Amino acid sequence: MTAQLIWGIASAPALFAALALFASLQPGQRPLALRKFAKLVSIFAAILGFASAILVFAEGDQSVSLVTIEPLSLSLMLDRLSVSLAFMVCLVGTICISFSCRYLDGDQDQGRFLGWMSATLGSVLLLILSGSMTTLLIGWVATSLALHQLLLFYRDRPEARRVAHKKFVFARLGDVALGFAAILLIWTAGTDDISAIGAVAADHQAVAALAALCLAFAALLKSAQFPTHGWLLEVMETPTPVSALLHAGIVNAGGFLLLRMSDVLITSPAVLLLLVVVGGVTALVGTLAMLTQTSIKSALAWSTVGQMGFMIMQCGFGAFTAALLHILGHSAYKAYAFLSSGGVIDRARQTRFIRMDQSSGIARTALLLTMAVSAGAFTLWLAGPQLLSKAGFIPLVAILTIGLGHWFAQSSVRQHMFLALPLIFILSIGVCAVYLAIQSAGLVGYPDLAANIPQTGTVQTVFEMMTIIAFFTAALIALHISTINNTAVGKTLYLGLRRGFYIGQKLEKWLGIDPAHKTRNA
Amino acid sequence: MNAPHSHFTPEAIDVVELAKTVGDRIPPLWPLENFVAVNPYQGLADLAPVEAGNVLASAVGARLSFDRKDYAEMLRDERLRHGDISQALAEMSDFLPNPITLDTVLKAVNETSIQIPEVPTVARLATELAGRDWCQVTQDQLSAWAAGYFDVGQAAWPSPWRDLPLFQAWKAETAEDRNLDILGLASLRRDLAHIPTDPKEAVEQALARLAVPENDREDYALSLLSVIGGWAGHYRYLGWSDALAGGPGSDMLPLLAVCLTWESMLLEHLAVQGLADQWRNRWFRHEMQGAVSETQTNLAIDLVLHRAFELSWRNEIVERLNTHTPPVADQTRADVQAAFCIDVRSEPLRRALESQNEKIETLGFAGFFGIAIDYLEAGREKAQIRGPVLITPPFSVEESHDRARLRQFRALYRKGYKAFAQGAVSCFGFVETVGPTYLGGLLTRSIARLRGQKPRPGGLRYNPSETGGIDLKTQIDTAEAIISSLGLRDRLAPIVMLAGHGSTSANNPYASGLDCGACGGHDGGVNARLATQILNDPDVRKGLAERGLQVPDDTYFLPALHDTCRDEVAFLDQEYAPSTHRQKLENLRGELVKAGLQVRLERSARHAGSDEADLIRRSQDWAEVRPEWGLAGCSAFIAAPRHRTRGLDLGGKTFLHGYVADQDPDRGLLNLIMTAPLIVASWINLQYFASSIDPVKYGSGNKTLHNVVGQIGVLEGAAGDLRSGLPWQSVHDGEALAHEPRRLTAIIEAPRDPMNKVIEGHDHLRDLLDNGWMHLLAMDESGKVSHRYAGNLQWVALEDTALTATA
């Protein structure tokens, strides 16, 4: 039974590839057989994913070797990390496919769409399940190439072509970085087996550090980190399910790469700090820019940029399990948010019943913030020293509590302060407790990743403190928007955020993808 | 800063007048929250067909006909006959720039149509000269600003300039926008400081710099506004609704100032070789081209072909009406009289309901039942208009307050939750604590397809109070008007059902477009409830009796709501139903269920691969892009007694208004029908017409790319103009148009002289009819469609030959 299951999940990428091939027989309008088949296959894959996740958690890691030509090989690795993500991808994929069957009904090329969606899903699964650098590289490039076809689904739209081209350029830069890292690692370790590479990485500090830098670079490009985030904001020239799949399944690939290669990554504290800085800046820019967006999909896209930044920052702190949980939670949330984005008018109608005052006094803000933070500290203290000693957890809990405080200050807690304050304190403790429970479960559930979490050093502590201050500042900015809007600096900040500080545009101009250079009806 | 050109004299240009003329040409665009149909050609109604076609082609870049090859194909399939073309030529002879023969048309149909040149703009010229799309840049730049300025709730961090007057806001924001530097327009940005803050002066200055020939100024201004036509429409809507609410409204001057200033500054600051030199030549060339009569003839042929396409269908329906033998009218008292909205979606249900039981009579009436109200939902801050958007509601009605606190609490909870999910810092913790629970949402909405819960309505408070309400006399007037308009003064049945309509769909930004347009893009439940509560009121009935209108004691007015997506009819206010009617209501309920099933079977044929149960699924599937066809197909408006059409399958494409000329001696009802429901029907029809014949300019594009902007409307993709009109999926099923664009054919059974009087007294109606935006036919007292309105208050007998040719 075990063996069959392993082969079952191992064949999932092939299953989707077969589906893609079948789609090429029915590429056009209303491909009825393909629709049925696509739903069945994807549901089957999701069930396989679930079963294999249970298997791996119960019985331990499994691996499947397909072809070996020393030192290269095609092999899959089923460990807790890969099966968790594979399950999530299968699930989101199933939902996107079933959504698209309806959503694109009547489209001239629905078959082609379902085909490329299957191809993309198959490639992502191959990437996630890969057990060797070669497999990883193949999955990495294939994902991007299949996605490219989805981005170009309406190829007569000039905007779609322009944006796909932009994404293509960044993706190839990422490929080169990953390829270079792979060559370095295979050459040093003498094998392309990922676990074997991880085991020897610590013995080759210098090469490993260089490889880590390349890996980080590839991950930053893949996960749309500032300042290479521009493409993610514009890829809306293709049907909504592509956005859902992209934001919930594919953009995570950068984070996945860092987690998969965490053995290599931790050999270089400098690279980790680089991730903290880039991720942290991206998180703050993304989340503040999200507030200024006027269209629902742009707001969701900026939110993804911010969330990916936060996740990369978690990787930088070495909080690998937290990053994995972040990926999982974000996938579910963002897939839902995109697919249901047509309901924004209905939801707005339902909340138009009351007006909420945005501004709030400094004193009250400070009070509420302090309270939330102290609730967090209290919970952390209750949770015990085990969590406190883990790198990255102090800033993470601090950011959670700053968020809570900000939320309370923003919500209309105005009357009944005596009643509200204790309630808020209890609510804060509740949320923090849930958070810490989930994080503890992550530490227990993913021992391999947890083992790589480094101990906190002095330099790192400085960065942690700076991060907390930065997020605190962001909260203050977000709380005083109406005041800020009245100042000259505030106006510049607003426009800068709305336009992503123009850095995307400048970079594109520099790379020769000039935003103004588009020809109508070309 | 250059001095204005020497030949410039400020007195020469009345820019306020220019802004008004051009502003009137822009159709208002309602927000998605209450999306009501608007005639996109509303501002062109005063133009004759060729003239309108010219303006549309040169200034808006829009068209009024298919490609020539489509007509050629129709001729081959005999969907279009030579007789239709001859008939169209005869009908349109007054409008043609020079005489055209059938042979000319038949020869031209195989050639490609000559493109009418678009009005030159600096952006267009620069695009041509530089190979860089300055039209797109202009649209993106101005639209991005407009989205921030008009946003009503998407951005938590709103634009700092949104409280400034429009032109000032644009100037201030653009002066800060470093995106211009990247576009190579840094000098433009700096120079903005020298532009006057007053929009009037800015327009004068820009026009002087651009030196556009005086005759072309209107077309030029319209062309510039059309680049951001969606946002211009939204701005026009804001002015429109402000004026309806008694405010001063607004004119197009500030937005025109934005567009003109941008153009004049492009001319000055774009580093494009030869731009300034070519600019003036271009106007000279444009004027030369415009005068070519060949282009005009060419356009006229397109319009004739399309009219022929319309006539082929019109002849068919006239033929069907003239050969239809109505069932013998039953003189005994009916069991049920069911009044539905004139909406085309009522027609199949009326037919199906009548087929259940001979003692059921159905009637057609405007879906707001004659009571337009400002309706304040409990807990809400702002009232909504539940009535046609053409009139200011005379009454205010409040929902009773017992649910207000609960609703506010829910809204507070939702807002708080949203603040947690989308807060600047809390969003990170949100994803890690609450994020995984969205798996549940993904699965349930994919599998179970849960139905959206509509809030259960509370009681209606319409009796006079400080906040408005309706006094008893007005209530009696209203009641009398409703009963008279329905033609039921002396023959009320025990149950008189007034059914409003609404539609259920999930995850659909255009949901309100499927609701009742006569109720301002809401469902008609509130209006039906209000009307029936008044009609059932003993005091009102006493008042009616005093006026000689005796409502039988056993008559119960039943409010109901027709869900047009599911074809289910729900009875409202059931707690008020008299116990004596319980059995009768149960019978009616059973008949409605059967009728609904029959309609769904019929409607499912219009959806590819659909069946009856599939239509129910469509109403709750979050991935559905075609929950129902809405009013697609609407082509005719018939005002006549129901027995003229009873038993005739009109396919859900006809507005049916009840009208008995004999019972309307002072022609008050005729006047009402022709000036209100008929115009609304024509607006809806023209909205569908425009969105299907010109989906690029007047449609909102592909639903799968829709991106809701500012909680107002949609973008197609990441950027561009606010889109107006209907989505492509609402008029096309992927294989063929679900709405074949035909201008409305109205058929009214009434003497022609009184109709002439109505037309004469109502300019907009006369424009629509005289310029061919809709067509009017008269039905004589024997039920034969006998004459057509030929414009200018003239009627022409329909030739039998033309009819038999297509029979």
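Start by selecting α27(B), which gives the second largest cavity the largest share of its lining, three residues. Keep in mind that this is a predicted model.

**Stop 1: the second largest cavity**

The second largest cavity has a volume of about 280 Å³. Its lining holds 29 residues. Pick B:Gly513, B:Leu514, B:Leu631, B:Tyr688 and B:Leu726, the closest to its centre. Next, colour α27 (677–693) and β15 (726–727) of chain B, the elements that give two or more residues to this lining. By class, the lining of the second largest cavity divides into 14 nonpolar, nine polar and six charged residues.

**Stop 2: B:Ser682**

Stay on helix α27 of chain B and select B:Ser682, which lies in it. Is B:Ser682 buried or exposed? B:Ser682 counts as buried, because its relative accessibility is 0%, and the cut-off for buried is under 20%. Now show what B:Ser682 touches, leaving out residues up to four places away in sequence: B:Leu744, B:Leu768 and B:Met774.

**Stop 3: chain B as a whole**

Zoom out to chain B. Its secondary structure comes to 31 helices and 19 strands. Align the view to the principal axes: the C-alpha atoms of chain B fill a box of roughly 85 × 75 × 50 Å. How does the radius of gyration of chain B stand against that of a compact globule? A compact globule of 807 residues would have a radius of gyration near 28 Å; chain B has 28 Å, so the two agree.

Colour chain B by accessibility. Of its 807 residues, 63% are buried. Its accessible surface comes to about 30700 Å². Carbon and sulfur atoms account for 51% of that surface. Then draw the contacts in chain B between residues at least 6 apart in sequence: 73% of these join residues at least 24 apart.

**Stop 4: the largest cavity**

Bring both chains back and display the cavities. How many cavities of 30 Å³ or more does the structure hold? There are 15. Select the largest, with a volume of about 850 Å³. It is lined by 35 residues. Label A:Glu234, A:Arg499, A:Gln505, B:Ala144 and B:Ala719, which lie nearest its centre. This set includes residues of chain A and chain B.

Next, colour the elements that give two or more residues to the lining of the largest cavity. In chain A they are α7 (158–189), α10 (230–234), α15 (296–316) and α26 (503–510). In chain B there is α7 (134–150). Which element gives the largest share of this lining? That is α7(B), with six residues. By class, the lining of the largest cavity has 13 nonpolar, 13 polar and nine charged residues.

**Stop 5: A:Gln225**

Move along chain A to the loop between α9 (205–222) and α10, and select A:Gln225 there. A:Gln225 has a relative accessible area of 1%, so it is buried. Show what A:Gln225 touches, again without residues up to four places away in sequence: A:Leu220, A:Val278, A:Gly279, A:Thr282, A:Val305, A:Met308, A:Gly309 and A:Ile312. Finally, put a distance label between A:Gln225 and A:Val281. They are 56 residues apart in sequence and 8.9 Å apart in space, C-alpha to C-alpha.

**Stop 6: helix α1 of chain A**

End on α1 of chain A, residues 2–10. Select A:Leu5, A:Ile6, A:Gly8, A:Ile9 and A:Ala10, which are buried. Then reveal what the buried residues of α1(A) pack against in chain A: α2 (12–23), α3 (32–59), β1 (62–69), β2 (72–78) and α5 (110–129).

Key: Residues numbered from 1 in each chain as written. Chains lettered and ligands numbered in written order. Predicted model: local features only at pLDDT ≥ 70, side-chain atom pairs only at ≥ 80, totals over all residues. Heavy atoms only, no water. 1 Å grid on protein atoms, 1.4 Å probe; cavity = no way out; pocket = protein on both sides within 12 Å on 5 of 7 lines; lining within 4 Å. Points joined across faces, edges and corners; volume = space filled by probe spheres on them. Helix = DSSP H or I, 4+ residues; strand = E, 2+ residues; numbered from the N terminus. Nonpolar A, V, L, I, M, F, W, Y, C, P; charged D, E, K, R; others polar. Buried < 20%, exposed > 50% of the residue type's maximum accessible area, 1.4 Å probe, protein only. Contact = heavy atoms within 4.5 Å. Rg over C-alpha atoms; globule rule 2.2 N^0.38 Å. Areas by Shrake-Rupley, 256 points an atom, 1.4 Å probe, with all protein chains shown as cover.
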